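Welcome, and please take a moment to look over the chain below. The notes that follow walk through its surface charges, its core and its salt bridges.

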Amino acid sequence: MDAYQQVANKLQELGITFDVVEHPPAFTTEQADSYIEGMEGVRTKSMFLTNKKKTQYYLLIMDDKKSLDMDLFKELVSANRIRMASADSLFEKMQLPPGTVSPFGLLNNEEKDIHVYFDKEIINEERMSFHPNTNEKTIFISTTDLFRFLQDLGYSYQVLEL
């Protein structure tokens, strides 16, 4: 089963409706945004981060126009040093290549050892957009349904003021 179909099947199993836009591969949020102009929903970026010793992993979801203050994030999650996780770590933890990180990658995290964070600025948005484990599609899903998806997978999440 391909990566997108796995996501679509899980959402359908949960009775979650979503819109999907197919497009050429998008390697940046700017590229992805150009393919989904006019669609309702906050454009997100999902970052897969780790501490220096690679003992903690973090999935941070925020508005794609916002820059991350890594020092503030490190302070908020009480970590020593935080950096972007390597492509190898991303594949090991979520079976994803770079450029496709999203909450849907948690489907592949059998250890359930990734901490999920949302920037407070976006949680009141009605809908969010993500790559569904491929950068050739963008899914629009209601925020409440996304939280239900996470809960079904066994993940809690925290909201941070970044």
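Asp-88, Glu-92, Glu-110 and Glu-111 form a negative surface patch. Patches like this one join like charges within 9 Å, using residues with over 30% relative accessible area and no salt bridge (nonpolar side chains, namely Val, Leu, Ile, Met, Phe, Trp and Tyr, are joined within 5 Å). This is a predicted model, in which local features need pLDDT of at least 70 and side-chain atom pairs count only at pLDDT 80 or more, while totals for chains, interfaces and linings use all residues. Residues are numbered from 1 along each chain as its sequence is written, and side-chain values use heavy atoms, with hydrogens and water left out.

**Charged patches on the surface**

- Lys and Arg count as positive and Asp and Glu as negative, with His and the chain ends not counted; the place of a charge is NZ of Lys, CZ of Arg, CG of Asp or CD of Glu.
- In the negative patch, Glu-110 sits in the loop between α4 (87–94) and β5 (114–119); helices (H or I, at least four residues) and strands (E, at least two) are DSSP runs numbered from the N terminus.
- Glu-110 counts as exposed because its relative accessibility is 72%; buried means under 20% relative accessible area, exposed over 50%, and partly exposed in between (1.4 Å probe, protein chains only).
- Accessible areas come from the Shrake-Rupley method with a 1.4 Å probe, and for residues only the protein chains shown count as cover.
- A positive surface patch is made up of Lys-52, Lys-53, Lys-54, Arg-81 and Arg-83.
- Within that positive patch, Arg-81 belongs to the loop between α3 (70–76) and β4 (82–84).

**The nonpolar core**

- The largest nonpolar core has 34 residues, of which Leu-11, Met-94, Leu-106, Phe-118 and Phe-149 touch the most other members.
- Two or more residues of this core come from each of α1 (3–13), β2 (42–51), β3 (57–63), α4, β5, β6 (127–130), β7 (137–142) and α5 (143–153).
- With 5 residues, α5 gives the most to this core.
- A nonpolar core is a set of buried Ala, Val, Leu, Ile, Met, Phe, Trp, Tyr and Cys residues joined through side-chain atoms within 4.5 Å.
- In soluble globular proteins, nonpolar side chains tend to be buried together.

**Salt bridges**

- The count comes to 10 salt bridges, each being a side-chain nitrogen of Lys or Arg within 4 Å of a carboxyl oxygen of Asp or Glu.
- Lys-66 and Asp-119 form one of them (2.7 Å, N to O).
- This pair links distant parts of the chain, with Lys-66 in the loop between β3 and α3 and Asp-119 in strand β5, 53 residues apart.
- Lys-66 and Asp-119 are both buried.
- Glu-161 and Lys-120 also meet in a salt bridge (3.8 Å, N to O).
- Glu-161 lies in the segment after β8 (157–160) and Lys-120 in the loop between β5 and β6, so this bridge ties together parts 41 residues apart in sequence.
- Glu-161 is exposed, at a relative accessible area of 60%, whereas Lys-120 is partly exposed at 45% relative accessibility.
- Another salt bridge pairs Asp-145 with Arg-148 (3.3 Å, N to O); both lie in helix α5, 3 residues apart, about one turn of the helix.
- Asp-145 is buried, with a relative accessible area of 16%, while Arg-148 is partly exposed at 35% relative accessibility.
- Lys-10, Glu-13 and Asp-152 are joined into one network by salt bridges that share partners.
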